[in-house]
Amino acid sequence: MAKQYYEFKPYNVGRWIIWGFFALLLLFVPKLFTSSLSVTMLSQMGIAIIACLSYNILLGQGGMLSFGHAVYSGLGSYMAIHALNMVSKGTLPIPVSLLPIIGGFAGMGFAVLFGYVTTRKSGTPFAMITLGLAELVFAMSLMFSEFFGGEAGVSGNRVVGSSVFGISFGPGTQVYYLIAVYTFVCVALMFAFTRTPLGRILNAVRDNPERVEFIGYSTQRVRYMAFIISGFFAGIAGGLGVILFEIVTAEVVSGIRSGAYLLFTFLGGATFFFGPIIGGVLMVLASVLLSEITKAWLLYLGLIFVFMVMYAPGGIASLFMMNLRVASFGFLRKLWVSYLGLAISALVLLVGAAVLIEMVYHLQLNLSLGPELRFIGIPLNAHSPDHWFGGAFVMLTGLGLFELCRRHYVHEWGEVQEDIEKEIKRREAL
């Protein structure tokens with residue numbers, strides 16, 4: 001029976017504010033960071049955000065641990081670069097701005113093919129099958145040079161045809177804004193997917209697959225459909241990478257790239273939608289900036305991952321949401337001393353460990369330049385026992401202080417949670 005009254009549904013103002021801020025951030029951030037390196041890094045961040053969010057459809061929303069997600073972004077890149085070369089030859093009359101769509105459909109097509117096999121299993125068997133497929137595709141990329149280009153890869157030129165409204169995608173800023181548009185649209189579509197019935201039942205498959213089967217849904221079919229959608233967005237990220245770099249090599253389908261998606265999605269926070277966005281930003285900062293600062297950046301990244309697993313398994317997003325809840329009740333001021341202590345002790349621990357790591361790397365890689373090196377402005381001698389003892393002392397001191405601060409923080413955190421529960425009961429009693 002039709003409703004006989006008007007039902008008013010207010011707008012979600014907070015959501016409009018967040019999406020508006022996201023759009024303005026994408027629009028104006030190149031005005032703040034104007035160097036060519038900054039614009040390139042911002043473009044890479046947009047691509048990484050799409051890739052990590054597409055991976056989180058599997059990991060965070062579906063509970064599917066995949067070790068081969070780079071296959072779909074990478075194969076999307078290969079199809080897009082060949083399409084770009086066809087555009088250059090005049091055999092494919094499409095604008096360059098639509099190449100990511102070709103990459104998306106390519107990623108979706110391969111997800112349809114491979115996902116039919118992988119999604120028949122779940123849990124550990126699913127992870128192992130994706131790993132096997134990833135290694136298979138990577139081996140093929142080195143064997144079939146006609147399509148993959150061998151070790152040299154396949155290159156192209158994004159500046160083809162006549163410019164439209166002065167847009168030729170030659171300048172890096174024009175490429176950034178194209179990536180920004182795709183980033184905003186893809187993030188919005190993936191967020192909308194989480195609100196669809198398929199997105200909801202995918203969460204149910206993650207949490208209780210037996211119950212889902214009991215109410216009449218096929219868990220394999222749900223996983224398969226989510227896998228296809230994930231492959232589509234991964235392929236778009238791969239196509240955008242073609243426009244940015246104009247070259248595709250075997251690295252784009254390697255296990256290292258798949259591991260990076262997993263690592264940074266987890267670090268950002270796979271259980272929250274905005275977690276992979278944080279992870280995508282960190283992915284670019286680590287691979288571009290941190291790798292320029294030190295040759296041991298992968299080791300630092302591994303140590304950070306270990307500490308996150310030990311102390312914050314929910315990722316950075318979980319830390320933000322936990323403290324946002326505390327702040328909403330007005331109790332965050334009780335924890336600022338503990339946070340300050342944790343930050344200082346962690347910094348001391350990091351400096352001590354970094355001194356030892358840098359001296360080890362210097363002995364292994366740069367000993368021909370002499371035993372002296374400089375780290376964060378500190379002169380070090382890799383042959384001096386005093387410097388080794390000093391680094392170890394600082395590291396152990398920082399570790400001890402961090403453990404003391406952590407225990408104090410855990411105690412205060414428990415008290416704050418009790419205060420929050422009392423406040424909730426008091427409000428309910430009103």
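**Two pockets and the contacts around them**

The largest pocket holds about 1400 Å³ of space. Keep in mind as we go that this is a predicted model. The lining of this pocket is made up of 41 residues, and Ile304, Phe307, Met308, Ala346 and Phe402 are the ones nearest its centre. If you colour the model by helix, you can follow the wall through H11 (255-268), H12 (275-293), H13 (297-311), H14 (315-328), H15 (336-365) and H16 (385-429), each of which supplies at least two lining residues. H15 gives the most, with 11 residues. As for chemistry, the lining divides into 35 nonpolar, four polar and two charged residues.

Now let's turn to the second largest pocket, with a volume of about 1200 Å³. Here 35 residues form the lining, and Ile18, Phe22, Phe273, Phe274 and Ile277 lie nearest the centre. Helices H1 (13-32), H2 (36-59), H7 (172-194), H8 (197-207) and H12 each supply at least two residues to this lining, with the largest share, nine residues, coming from H1. The split for this pocket is 22 nonpolar, nine polar and four charged.

Aromatic contacts are a good next stop. Across the whole structure, a search finds 24 aromatic pairs. One of them joins Trp19 and Phe184 edge-to-face, at 5.8 Å centre to centre and 85° between the planes. This pair links distant parts of the chain, since Trp19 sits in helix H1 and Phe184 in helix H7, 165 residues apart. Phe184 is partly exposed, because its relative accessible area is 28%, a value between the 20% and 50% cut-offs. Trp19 and Phe184 also belong to one aromatic cluster with Phe22, Phe191 and Phe273.

Tyr72 and Phe227 offer another pair to inspect: their ring centres are 5.3 Å apart and their planes stand at 85°, so the pair is edge-to-face. Tyr72 lies in helix H3 (residues 70-89) and Phe227 in helix H10, so the pair ties together parts that are 155 residues apart in sequence. Both Tyr72 and Phe227 are buried. A ring contact of another kind involves Arg120, whose charged end sits over the ring of Tyr116, 4.4 Å from the ring centre.

Finally, take a look at the backbone. Strands S3 (residues 372-375) and S4 (residues 378-381) run antiparallel and are joined by four bridges, with Phe375 standing opposite Ile378 in S4. Two residues lie between the strands of this hairpin, where Ile376 takes a positive phi near 45°. Most residues other than glycine have a negative phi. Glu246, although not a glycine, has a positive phi of about 65°, and is found in the loop between helix H10 (219-245) and strand S2 (247-248).

How values were computed: Residues are numbered from 1 along each chain as its sequence is written. This is a predicted model: local features need pLDDT of at least 70, side-chain atom pairs count only at pLDDT 80 or more; totals for chains, interfaces and linings use all residues. Side-chain values use heavy atoms; hydrogens and water are left out. On a 1 Å grid over the protein atoms alone, a cavity is a set of points where a 1.4 Å probe fits but cannot get out, and a pocket is an open set with protein on both sides within 12 Å along at least five of seven lines; lining residues have an atom within 4 Å of a point. Grid points are joined across faces, edges and corners, and a volume is the space filled by probe spheres set on the points. Ala, Val, Leu, Ile, Met, Phe, Trp, Tyr, Cys and Pro count as nonpolar, Asp, Glu, Lys and Arg as charged, and the others, Gly among them, as polar. Two strands pair if DSSP finds at least two bridges between them. Rings of Phe, Tyr and Trp (its six-membered ring) pair if their centres lie within 6.5 Å; planes under 30 degrees apart count as stacked, over 60 as edge-to-face and the rest as tilted. Buried means under 20% relative accessible area, exposed over 50%, partly exposed in between (1.4 Å probe, protein chains only). A charge sits over a ring if NZ of Lys or CZ of Arg is within 6 Å of the ring centre and within 35 degrees of the ring normal.
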